[in-house]
Amino acid sequence: PRGGAGGGVPGHGGRLHGRPAASGERYDKNGLTAAHKTLPFGTEVLVRSLQTGREVLVRIIDRGPHLKDRIIDLSHAAAEALGMRRQGVAEVQIIEP
């Protein structure tokens, strides 16, 4: 398992919704997707919130995050599922199935 500081960007949902991600797929703020710096597009990973204990399975469709101290950017829906939508940034663990 991989872990560390993770960040969701639910605030970007409206601005990026419908735009192409790095994979070519269109970003859907209601989809359970994420951006990661190195994992191959299409990879599914389980993301666990260290604050709430909630988990969500997301598919990598984009590159990022572009901030050094973050390991993953989550869609609006994924952040909501973890209970961190209003929080913006949260500590998470990434578990590759």
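This passage describes the fold, the strand pairing and selected residue contacts of a predicted protein model.

The predicted protein contains 2 helices and 6 strands. Along the sequence, these elements are arranged in the pattern β-α-β-β-β-β-α-β. The protein has 97 residues, of which 39% are buried. Contacts that span long stretches of the chain were also examined. Among contacts between residues at least 6 apart in sequence, 69% join residues at least 24 apart. The accessible surface amounts to about 5200 Å², and carbon and sulfur atoms account for 50% of that surface.

Strand β4, which covers residues 55–62, takes part in pairing with both β2 and β3. With strand β2 (residues 33–35), β4 runs parallel, and the two are joined by 3 bridges. Within this arrangement, alanine 34 is positioned opposite isoleucine 60 of β4. With strand β3 (residues 44–49), by contrast, β4 pairs in the antiparallel sense, over 5 bridges. Here glutamate 44 has arginine 59 of β4 as its bridge partner. Strands β3 and β4 form a hairpin with 5 residues between the strands, and glycine 53 in this hairpin adopts a positive phi near 80°. As background to this value, most residues other than glycine have a negative phi.

Charged side chains were considered next. In general, side chains of opposite charge can pair when their charged atoms come close. The model contains 2 salt bridges. In one of them, the side chains of arginine 59 and glutamate 25 meet with an N to O distance of 2.8 Å. This pair connects distant parts of the chain, since arginine 59 belongs to strand β4 whereas glutamate 25 lies in the loop between α1 (13–16) and β2, 34 residues apart. Arginine 59 is partly exposed, its relative accessible area being 28%. Glutamate 25 is likewise classed as partly exposed, with a value of 30%. Arginine 59 is therefore described by two relationships: a strand bridge with glutamate 44 and a salt bridge with glutamate 25, and its relative accessible area of 28% places arginine 59 in the partly exposed class.

A further salt bridge is formed by arginine 48 and glutamate 55, whose closest N and O atoms are 2.6 Å apart. Arginine 48 has a relative accessibility of 26% and so counts as partly exposed. Glutamate 55 is also partly exposed, because its relative accessibility of 41% falls between the limits of 20% and 50%.

The aromatic residues give 0 aromatic pairs. A charged group is nevertheless found over a ring: arginine 63 lies over the face of phenylalanine 41, at 4.2 Å from the ring centre. Arginine 63 is also in contact with proline 40.

Proline 40 is located in the loop between β2 and β3. When its neighbours within four places in sequence are left aside, proline 40 is in contact with Ile60 and Arg63. Despite these contacts, proline 40 counts as partly exposed, at 47% relative accessibility. The C-alpha atoms of proline 40 and arginine 59 are separated by 9.7 Å, and the two residues are 19 residues apart along the chain. Another proline, proline 65, is placed in the loop between β4 and β5. The peptide bond joining glycine 64 and proline 65 is cis, with omega at about -5°. For context, most peptide bonds are trans.

Serine 75 occupies the loop between β5 (73–74) and α2 (76–81). Its relative accessibility is 1%, and serine 75 therefore counts as buried, the limit for that class being under 20%. Apart from neighbours within four places in sequence, the residues in contact with serine 75 are Tyr27, Asp28, Lys29, Gly31, Leu32 and Thr33. Of these contacts, the one with Thr33 involves a residue of strand β2, which covers residues 33–35.

Towards the end of the chain, glutamate 96 lies in the segment after β6 (89–95). Glutamate 96 is partly exposed, with a relative accessible area of 36%. The C-alpha atoms of glutamate 96 and leucine 39 are separated by 9.9 Å, although these residues are 57 residues apart along the chain.

Methods
Residues are numbered from 1 along each chain as its sequence is written. This is a predicted model: local features need pLDDT of at least 70, side-chain atom pairs count only at pLDDT 80 or more; totals for chains, interfaces and linings use all residues. Side-chain values use heavy atoms; hydrogens and water are left out. Helices (H or I, at least four residues) and strands (E, at least two) are DSSP runs, numbered from the N terminus. Buried means under 20% relative accessible area, exposed over 50%, partly exposed in between (1.4 Å probe, protein chains only). Contact means heavy atoms within 4.5 Å. Accessible areas come from the Shrake-Rupley method with a 1.4 Å probe; for residues, only the protein chains shown count as cover. Two strands pair if DSSP finds at least two bridges between them. Rings of Phe, Tyr and Trp (its six-membered ring) pair if their centres lie within 6.5 Å; planes under 30 degrees apart count as stacked, over 60 as edge-to-face and the rest as tilted. A charge sits over a ring if NZ of Lys or CZ of Arg is within 6 Å of the ring centre and within 35 degrees of the ring normal. A salt bridge is a side-chain nitrogen of Lys or Arg within 4 Å of a carboxyl oxygen of Asp or Glu.
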